[in-house]
Amino acid sequence: MQHIKRRKTSEVIIGGIPMGSAHPIRIQSMTNTVTHRVPETVAQIQSLADAGSEFVRITVNDQTAAKAVPEIVHQLRDQGYNTPIIGDFHYNGHILLTKVPGAADALAKYRINPGNVGKGNKRDDNFATMIKVAIDTNKPVRIGVNWGSIDQQLWDAHMEANGKRAKPKSFNEIMIDTMIESAERSIEAALNLGLGKDKLIVSVKMSEIQDMIAAYERVAQVVDIPIHLGLTEAGNGIKGITCSAAALAILLQQGIGDTLRVSLTPEPGLPRSREVDVCTNLLQTMGFRFFKPSVTSCPGCGRTDSDYFIHLAQDVNDHIHQKIAEWRPKYPGVESLKIAVMGCVVNGPGESKYANIGISLPGMREAPTAPVYIDGKLATTLKGDNITQEFMALLDDYIVRKYTPK
């Protein structure tokens, strides 16, 4: 597999978890519960952590939310969850962090949006207050620039200057210029106030894919602190997943990005952790990290007159989902296991040989047998009514033999 050279960054430690180019690309997510409803917030954080989120951000928008933070963190720790909790601040963070010191202490990181910390002199004072708290509590800060809440004064200045150009830039170009300058100014101000470079992360999130890519490519050229990737307001369902994967993959392929979040609009009946599932699958399919065994399965075509391979592929995925928590500690490296479940002779044997263990089920007018390949060699041929059970047994046996520590 081709090795992607990551853009070199400083290291930032968040709640004991290191982040930066020398470390794996980290996954984070955000709750959508009302923060001060402690049981609901704790339960959702646990579900996000169980899905693979290494950091979880919560809204801290008023004093009731801020006062709930220590109890949220306390309950999580009591239940064995050490996931770092990040505070998301807008408008009144300078007040909440000073009036509720317990929240400032309990949070592992603060997210500051330079576009809504205040106006004029108050903006600088409010920003300085938050940075001072971060210094006093030894906590890192993400400078989170977002085009939906851009620094209005800086935007107005850019627009005024653009109006005087012989060839004015487009609206989108001015927006990106403003975001990059806002990020640079905020980073410089934080450093001048005494916050260490090892306590800074930056993001420039947008909802238009091409603009978001351009913004991140530019900010990556002018700062060497870790970058948080995200396509903000991506939408829901297939649209949100596709847009997020397209945008993030392009940047990750360039070595840009040290942590990421997929922001999906919630859908009725689906868990919040779906956004974490997208992150883990994206990083795994691109070869950056491995979280669970992967299953390659064919889409079917006119050669496949049986749906047996469809059900077997689903059964294998369900088996992995049920067993992965047990497998990880017992069988180190099992996350990188490759399994193939194919439906006919065209690509079936080839994919099965490429996988660690694979099965090629018979297609239309093929012999009613299913060859199983293990580590590239034909191991056995299954037939009859118990193919699923027999293949599962072969899979479990392979995992024990292959990944049991010697």
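The protein carries 45 positive and 43 negative side chains, and the centres of the two sets lie 4 Å apart. In this count, Lys and Arg are positive and Asp and Glu negative, with His and the chain ends left out; each charge is placed at NZ of Lys, CZ of Arg, CG of Asp or CD of Glu. The model is predicted: local features require pLDDT of at least 70 and side-chain atom pairs pLDDT 80 or more, whereas totals for chains, interfaces and linings use all residues. Residues are numbered from 1 along each chain as its sequence is written, and side-chain values use heavy atoms, without hydrogens and water.

Along the principal axes, the C-alpha atoms fill a box of roughly 80 × 60 × 40 Å. The accessible surface (Shrake-Rupley method, 1.4 Å probe) comes to about 18700 Å², and carbon and sulfur atoms contribute 52% of it. Of the 406 residues, 51% are buried, a term that denotes under 20% relative accessible area. Among contacts (heavy atoms within 4.5 Å) with a separation of 6 or more, 67% link residues 24 or more positions apart. The protein contains 13 helices and 15 strands, taken as DSSP runs of at least four residues (H or I) and at least two residues (E), respectively, and numbered from the N terminus.

An open sheet of eight strands follows the order β8-β7-β6-β5-β4-β3-β10-β9, with parallel pairing. Strands β8 (200–205) and β9 (228–229) each have a single partner strand, so one side of each is left without a neighbour in the sheet. Pairing of two strands requires at least two DSSP bridges between them. Six bridges join β7 to β8 in the parallel sense, with Gly 144 opposite Ser 203 in β8. Helix α5 (residues 120–137) packs on this sheet against β5 (85–89), β6 (109–112) and β7, and its direction makes about 165° with that of β6. Helix α8 (residues 209–222) touches β8 and β9, at about 150° to β8. These angles run from 0 to 180 degrees between N-to-C directions, with axes fitted to C-alpha atoms, for helices over the stretch in contact.

Strand β7 also pairs with β6 in the parallel sense, over three bridges, and Arg 142 in β7 is the bridge partner of Arg 111. In a regular strand the side chains alternate between the two faces of the sheet. Both faces of β7 are covered, with Val 141, Ile 143 and Val 145 buried on one side and Arg 142, Gly 144 and Asn 146 on the other. Asn 146 lies in this strand (residues 141–146) and counts as buried because its relative accessibility is 10%. Beyond its neighbours within four places in sequence, Asn 146 contacts Arg 111, Asn 113, Met 179, Lys 205 and Thr 232.

A further open sheet comprises five strands in the order β11-β12-β13-β14-β15, with mixed pairing. Its edge strands, β11 (294–297) and β15 (377–382), each pair on one side only, and the twist averages 20° from one strand to the next. Strand β14 (residues 370–374) pairs with β15 in the antiparallel sense over five bridges, and Ile 374 stands opposite Lys 377 in β15. Helix α11 (residues 308–330) packs on the sheet, touching β11, β12 (338–342) and β13 (357–360), with its direction at about 160° to that of β12. Helix α13 (residues 387–403) lies across β12, β13, β14 and β15 and runs at about 165° to β13.

Notes
Buried means under 20% relative accessible area, exposed over 50%, partly exposed in between (1.4 Å probe, protein chains only).
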